Each structure stands twice: as structure tokens, then as C-alpha cells.
Amino acid sequence: MTVLSGSCSCGAVKFRLTSAPMFVHCCHCTDCQRQTGSAFVLNALIEAERVELLQGATRGYPQPTDSGRPHVIQRCADCGTALWSNYGGREQVRFVRIGTLNEAGTLPPDVHIYTRSKQPWVKLPGGGVGATTGKPAPVCEEYYEIAKLWPPESLARRKAIFG
Ligand SMILES: [Zn+2]
Ligand SMILES: [Zn+2]
């Protein structure tokens, strides 16, 4: 595949993904809506070691969560663009904001989650097929079963980092 590269809006941070992501989320939860100021967030889930920081520095911003589990957004230390998140204190996986990638349009969602709180004008399924599954993205009111939706190769990658 082509190497996906990304940057913040001021250009201080540049990074690239050294492989395809394991899975792609489109999250419609109210936290993501507030944190992005938009209708949903698009995240590419990938091993932290496959996110190569080419230049610049990020700064972590812990977010309040309903569950009490940690969520830290890494932003450009200069301009504040959100680049990726770590959830649950798990440093091994990053949720990379797909809008920061130069090739954002090549990563359509594999699943729509927390659609119970989606904006009423968002019509789902949105068409197309998921970036890693190659199938139309299921629409889930809340979360989903990873073992059921992730491709076998992605499950193997996940097992390699979490055991
Ligand atoms: Zn920046
Ligand atoms: Zn969310």
C-alpha cells in the first residue's frame, strides 16, 4: 500500500503510518462530537510503533470520560491540532485522526459506533466499504465485538501487542 503521511495544521508535526491500520472507526459519540467540534470522528487504529514521528513534538491532553478510564489526546505542541488518542491507558495502540492524513479519503470506516447519539441528518450506512474489511460498515448503537468485525490479520496484530 502507499505510505500514509500526516501533519498538523501548522506543519510543525509530520508523521507517517508504516503500514495500513488494523481497523477504522467512525465514532458518533457525544464526547467525540465535542472534542472535534464536528458530527463524528474518524480514527485509524494502529500500533504506536507504526506511527513514525518525522518531526515536531506532541503534547498530551487528558480528557474527562464517563467510564473514568483514561483518554489522552496528543496534539501538536505548537498549534494544538489533535493528531491521535490513547484510550484506557494503553500506549500500544493509537487512534490516529484520519483528517490529519494527506490521504484521508483512502480510509473509509469499517464500523459506525455510538450511532445512538449521531446527528439526526447523518444517514447511515453511508455507502462504500471499510478500509480494512472491504465490507459495508455495520451501524452499531454502542460498541461492537472486536472478534466479530476485525479481519483475521488485524486480530493477529492486536494479539501480538496485547497477548
Ligand atoms: Zn502544529
Ligand atoms: Zn467517540
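**Figure 1. Tyr114 and Pro125 in the loop between E10 and H2.** A residue is called partly exposed when its relative accessible area falls between the buried limit of under 20% and the exposed limit of over 50%. In this predicted model, Tyr114 has a relative accessibility of 23% and therefore counts as partly exposed. Tyr114 belongs to the loop that runs between E10 and H2, and its phi is positive, at about 50°, although the residue is not a glycine. The loop between strand E10 (111-113) and helix H2 (146-149) also holds Pro125, and the peptide bond leading from Leu124 into Pro125 is cis, with omega near -5°. As background to both features, most residues other than glycine have a negative phi, and most peptide bonds are trans.

**Figure 2. The site of the zinc ion (ligand 1).** Four cysteine sulfur atoms coordinate the zinc ion (ligand 1), namely SG of Cys8, Cys10, Cys76 and Cys79, at distances of 2.3 to 2.4 Å. The angles among the four donor atoms run from 105 to 116°, and the site of the zinc ion (ligand 1) is tetrahedral. For comparison, the ideal angle for four tetrahedral donors is 109.5 degrees. Along the chain, the donor residues of the zinc ion (ligand 1) follow the spacing C-x1-C-x65-C-x2-C. Two of these donors can be set side by side in terms of accessibility: Cys76 counts as buried because its relative accessibility is 2%, whereas Cys79, at 33% relative accessibility, counts as partly exposed.

**Figure 3. The site of the zinc ion (ligand 2) and the surroundings of Cys32.** The zinc ion (ligand 2) has as its protein donors the SG atoms of Cys27, Cys29 and Cys32, which lie 2.1 to 2.3 Å from the ion, and these donors are spaced C-x1-C-x2-C in sequence. Cys29 and Cys32 are both buried; for Cys32, the relative accessible area is 5%. Cys32 is part of helix H1 (residues 30-36). When residues up to four places away in sequence are not counted, Cys32 touches Cys27, Val41 and Tyr87. The C-alpha atom of Cys32 is separated by 9.4 Å from that of Leu42, which is 10 residues apart from Cys32 along the chain.

**Figure 4. The hairpin of E1 and E2.** Strands E1 and E2 pair in the antiparallel sense over four bridges, and one of the pairings joins Ser7 to its bridge partner Lys14 in E2. Six residues stand between the strands of this hairpin, in which Gly11 takes a positive phi near 90°. The side chains of strand E1 (residues 4-7) alternate, with Leu4 and Gly6 buried and pointing to one face, and Ser5 and Ser7 pointing to the other face and not buried.

**Figure 5. The nonpolar cores.** In soluble globular proteins, nonpolar side chains tend to be buried together. The largest nonpolar core here has 17 residues, and those with the most contacts inside it are Phe15, Leu17, Val51, Leu83, Val96, Leu101 and Leu107. Strand E2 (14-17), strand E4 (41-47) and strand E8 (82-87) are the elements that give two or more residues to this core. A second, separate core has 14 residues, among them Phe23, Cys29, Ile113 and Cys140. Leu107, leaving out residues up to four places away in sequence, touches Leu4, Pro21, Val24, Ala44, Ile98, Leu101 and Ala131.

**Figure 6. Ser154 in helix H3.** Ser154 is located in helix H3 (residues 152-162), and with a relative accessibility of 5% this residue counts as buried. A polar atom of the Ser154 side chain lies 2.6 Å from the backbone oxygen of Met22.

**Figure 7. Tyr61 in strand E6.** Tyr61 lies in strand E6 (residues 58-62) and, at 33% relative accessibility, counts as partly exposed. Apart from its neighbours within four places in sequence, Tyr61 is in contact with His71, Val72, Ile73 and Arg75. Between the C-alpha atoms of Tyr61 and Pro136, which are 75 residues apart along the chain, the separation is 33 Å.

Conventions
Residues numbered from 1 in each chain as written. Chains lettered and ligands numbered in written order. Predicted model: local features only at pLDDT ≥ 70, side-chain atom pairs only at ≥ 80, totals over all residues. Heavy atoms only, no water. Donors = N, O, S within 2.8 Å, 3.2 Å for Na, K, Ca; no water. Tetrahedral: all angles 85-135°; square planar, octahedral: opposite > 155°, others 65-115°. Buried < 20%, exposed > 50% of the residue type's maximum accessible area, 1.4 Å probe, protein only. Polar contact = N/O pair within 3.5 Å; in protein donor to acceptor, adjacent residues only side chain to side chain. Core = buried A, V, L, I, M, F, W, Y, C linked by side-chain atoms within 4.5 Å. Contact = heavy atoms within 4.5 Å. Pairing = 2+ DSSP bridges.
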